[in-house]
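Biologist: Can you pull up the model so we can go through it together? I'd like to start with one local detail and work outwards.

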Amino acid sequence: ADWPTRRFHLALTMDKVKNAPSIDAHLPVSRQHERDYYQYYGYPYYWEASGYLGAGVYPLFAGEALPSQPDQTPGDVHLRSAGELRGYHIQGSDDAIGHVHDFIVDDETWQVRYLVVDTSSWGFGKKVLVSPQWATRVSWDEGKVYVGLSREAIKNSPRWDGADAVNREYEVRLYDYYGRPQYWSPSDRLPQHDGQSVNR
């Protein structure tokens, strides 16, 4: 990612992307559709191997076999778009808390590190960050994300307004406040970024 120019650089040609299987990002994505994508681009299935993108981050060599078919049936829903989740209500362990306003993404692993929760409708008047790992479940029918955190805990959590970078100092305060295990190792460098992504 080139943040100053707001561009992503891909190891793909325009023709490769142009001829890729079509997808409707507004609809749930089945494992069958995912498999079609990975076969087309020649990448290993991320759900069948350890590490990010399986054993490595590079495409398989020509003639190399892809992993075996996944166990899920073609109709199994596996992925939803970020656009679908925006606006979903956050339900705490005791009461409603706010709604999903945005997402913070790690620009090294491309994992969603945080949900940006807007609590203004509930009178807290601030935005806070909640790790997806702290969610207990998502109800697509209700349009809710359930988290194992109380309303009072969210109310008093460290504020995040988007103007400042999500740096490691802030993350330490956030994880210490909730008493949750940290995802980074002590040797990781401090991240510095624009608040739209997290650099490890």
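Modeller: Here it is; bear in mind that this is a predicted model. A local detail to start with: Gly-42, just after α2, has a positive phi of about 80°.

Biologist: Which residue follows α5, and what is its phi?

Modeller: Gly-179 comes after α5, and its phi is positive, near 65°.

Biologist: Back to α2. Which of its residues are buried?

Modeller: Helix α2 spans residues 31-41, and its buried residues are Arg-31, Glu-34, Arg-35, Tyr-38 and Tyr-41.

Biologist: How wide an arc do they cover around the axis?

Modeller: The arc is only 140°, so these residues sit on the same side of α2.

Biologist: And α5, which residues are buried there?

Modeller: In α5 the buried ones are Arg-168, Tyr-170, Glu-171, Leu-174, Tyr-175 and Tyr-178. Looking down the helix axis, they fall within an arc of 155°, so they line one face of α5.

Biologist: What is on the face turned away from that buried side?

Modeller: That face of α5 carries Glu-169 and Asp-176, which are exposed.

Biologist: You listed Arg-168 and Glu-171 as buried. What do their side chains form?

Modeller: A salt bridge, with the closest N and O atoms 2.9 Å apart. Glu-171 and Arg-168 are about one helical turn from each other, because they are 3 residues apart in helix α5. Both Glu-171 and Arg-168 are buried.

Biologist: How many salt bridges does the structure hold?

Modeller: There are 5. One of them joins the side chains of Arg-86 and Asp-102, at 3.1 Å from N to O. That pair links distant parts of the chain, 16 residues apart: Arg-86 is in the loop between α3 (82-85) and β3 (89-91), while Asp-102 is in strand β4.

Biologist: Is Arg-86 buried, exposed or partly exposed?

Modeller: Partly exposed, with a relative accessibility of 41%.

Biologist: What about Asp-95, which side chain does that one meet in a salt bridge?

Modeller: Asp-95 meets Arg-151, at 3.0 Å from N to O. Asp-95 is in the loop between β3 and β4 and Arg-151 is in helix α4, so this salt bridge ties together parts 56 residues apart in sequence. Asp-95 is partly exposed at 33% relative accessibility, and Arg-151 is partly exposed at 23%.

Biologist: Let's step back. What is the secondary structure of the chain?

Modeller: The protein chain has 5 helices and 9 strands. Starting from the N terminus, the order is α-β-α-β-α-β-β-β-β-β-β-α-α-β.

Biologist: What share of the residues is buried?

Modeller: 34% of the 200 residues in the chain. As for contacts with a separation of 6 or more, 48% are between residues 24 or more positions apart.

Biologist: Now the largest nonpolar core. Which residues touch the most other members?

Modeller: Leu-129, Val-145 and Leu-174, out of 27 residues in that core. Elements giving two or more residues to this core are β4 (96-106), β5 (112-118), β6 (127-130), β8 (144-147), α4 (151-155) and α5 (168-178).

Biologist: What is Leu-129 in contact with, leaving aside its neighbours within four places in sequence?

Modeller: The contacts of Leu-129 include Ile-104, Tyr-114, Val-116, Trp-134 and Trp-160. Also among them are Val-166, and from further along the list Tyr-170, Leu-174 and Tyr-178. There is a second, separate core of 5 residues, which includes Tyr-38, Tyr-41, Tyr-43 and Tyr-45.

Biologist: Over to the surface. How much area does the chain expose?

Modeller: About 12,100 Å², with carbon and sulfur atoms supplying 51% of it.

Biologist: Which residues form the nonpolar patch there?

Modeller: Trp-3, Phe-8, Leu-10, Leu-12, Val-17 and Trp-110, with about 590 Å² of accessible area together. Phe-8 is in the segment before α1 (14-18). Phe-8 counts as exposed because its relative accessible area is 56%, above the 50% cut-off.

Biologist: Last one: where is Asp-107, and is it buried or exposed?

Modeller: Asp-107 is in the loop between β4 and β5. Its relative accessible area is 18%, so Asp-107 is buried. The C-alpha atoms of Asp-107 and Ala-1 are separated by 7.3 Å, although the two residues are 106 residues apart along the chain.

Conventions. Residues are numbered from 1 along each chain as its sequence is written. This is a predicted model: local features need pLDDT of at least 70, side-chain atom pairs count only at pLDDT 80 or more; totals for chains, interfaces and linings use all residues. Side-chain values use heavy atoms; hydrogens and water are left out. Helices (H or I, at least four residues) and strands (E, at least two) are DSSP runs, numbered from the N terminus. Buried means under 20% relative accessible area, exposed over 50%, partly exposed in between (1.4 Å probe, protein chains only). Contact means heavy atoms within 4.5 Å. Accessible areas come from the Shrake-Rupley method with a 1.4 Å probe; for residues, only the protein chains shown count as cover. A nonpolar core is a set of buried Ala, Val, Leu, Ile, Met, Phe, Trp, Tyr and Cys residues joined through side-chain atoms within 4.5 Å. Patches are made of residues with over 30% relative accessible area and no salt bridge: like charges are joined within 9 Å, nonpolar side chains (Val, Leu, Ile, Met, Phe, Trp, Tyr) within 5 Å. A salt bridge is a side-chain nitrogen of Lys or Arg within 4 Å of a carboxyl oxygen of Asp or Glu. The arc is that of the directions from the helix axis to the C-beta atoms.
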